[in-house]
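Work through the exercises below with the sequence and the model at hand. Each task is followed by a solution in steps.

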Amino acid sequence: MSAYYSTVDTPAGAFTAIEADGTVLASGWTSTIDDLVGLIHPRLRPAQLTPRAELGDVTKAVITYHEGDVNAIDAVPVRQESGPFMMAAWDALRTVPAGDPVTYTEYAALAGNATAVRAAAMACARNAAALFVPCHRVLRLDGTLGGFRWGVQTKRWLLDHEAGVE
């Protein structure tokens, strides 16, 4: 499979996405594709990656989101692969509304197993398609941020942006 990548500057930092056929395989706040390729499941990992200035609807959604339309990312297709709970957990993340974060406990329940809090946290940690699968919308039980692959400062910016606090 061939895929394309592009990096755009955003207020939260450089953002790179890898896509194939308009579907995001990996994305995050980095300017280095090496930070993303290893996140793609081996069965989905492209044999060839080609740079592009932009990725059509994917790039448009990233820019529009950062300009203030926090729902612009919702319709962008994403493809990840894992076991049943992880897949359900990633799907559940896409239902968490911008500006209304959930705790890991609430997230586990949304993913179909309220007792699987650690597995839900692992789904966030293994999420390859940051922003489009908004793992930044999950908080610790006490409301603190917890970790984020792309930095806690980026997570704070995203949550403030979605809450209209900037």
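**Exercise 1.** Classify Asp21 as buried or exposed, then locate it and describe its backbone.

Solution. In this predicted model, the relative accessibility of Asp21 is 78%. The cut-off for exposed is over 50%, so Asp21 counts as exposed. Next, place the residue: Asp21 sits in the loop between β2 (13-20) and β3 (23-28). Last, read the backbone: phi of Asp21 is positive, about 55 degrees, although the residue is not a glycine.

**Exercise 2.** Do the same for Leu131: is it buried or exposed, and in which loop does it lie?

Solution. Start with the backbone. Leu131 is a residue other than glycine, and its phi is positive, near 80 degrees. Its loop runs between α5 (117-126) and β6 (138-139). Now take the accessibility: Leu131 has a relative value of 1%. Buried means under 20%, so Leu131 counts as buried.

**Exercise 3.** State the domain bounds of the protein chain and describe how domain 1 and domain 2 meet.

Solution. The domain assignment gives domain 1 as 2-67 and domain 2 as 84-163. Their C-alpha centres are 20 Å apart. To the contact, domain 1 gives 19 residues and domain 2 gives 14 residues. The area buried between domain 1 and domain 2 is about 1400 Å², and 73% of it is on carbon and sulfur atoms. Trp29, Leu39 and Tyr65 account for 50% of what domain 1 buries against domain 2, more than any other three residues.

**Exercise 4.** How many salt bridges and how many residue pairs in polar contact link domain 1 and domain 2?

Solution. For salt bridges, the rule requires a side-chain nitrogen of Lys or Arg within 4 Å of a carboxyl oxygen of Asp or Glu. Applied across the interface of domain 1 and domain 2, it finds zero. For polar contacts, count residue pairs with both members at pLDDT 80 or more: there are four between domain 1 and domain 2.

**Exercise 5.** Break down the side of domain 1 that touches domain 2, by element and by residue class.

Solution. By element, those giving two or more residues to this side of domain 1 are β3, α1 (34-37) and α2 (57-67). The largest share comes from α2, with six residues. By class, the side of domain 1 that touches domain 2 has 13 nonpolar residues, four polar and two charged.

Key
Residues are numbered from 1 along each chain as its sequence is written. This is a predicted model: local features need pLDDT of at least 70, side-chain atom pairs count only at pLDDT 80 or more; totals for chains, interfaces and linings use all residues. Side-chain values use heavy atoms; hydrogens and water are left out. Helices (H or I, at least four residues) and strands (E, at least two) are DSSP runs, numbered from the N terminus. Buried means under 20% relative accessible area, exposed over 50%, partly exposed in between (1.4 Å probe, protein chains only). Domain bounds come from an automatic or database domain assignment. Contact means heavy atoms within 4.5 Å. Buried area is the accessible area (1.4 Å probe) that two parts lose on being put together, summed over both. A polar contact is a pair of N or O atoms within 3.5 Å; within protein, one must be able to donate a hydrogen and the other to accept it, and residues adjacent in sequence count only if both atoms are side-chain atoms. Ala, Val, Leu, Ile, Met, Phe, Trp, Tyr, Cys and Pro count as nonpolar, Asp, Glu, Lys and Arg as charged, and the others, Gly among them, as polar.
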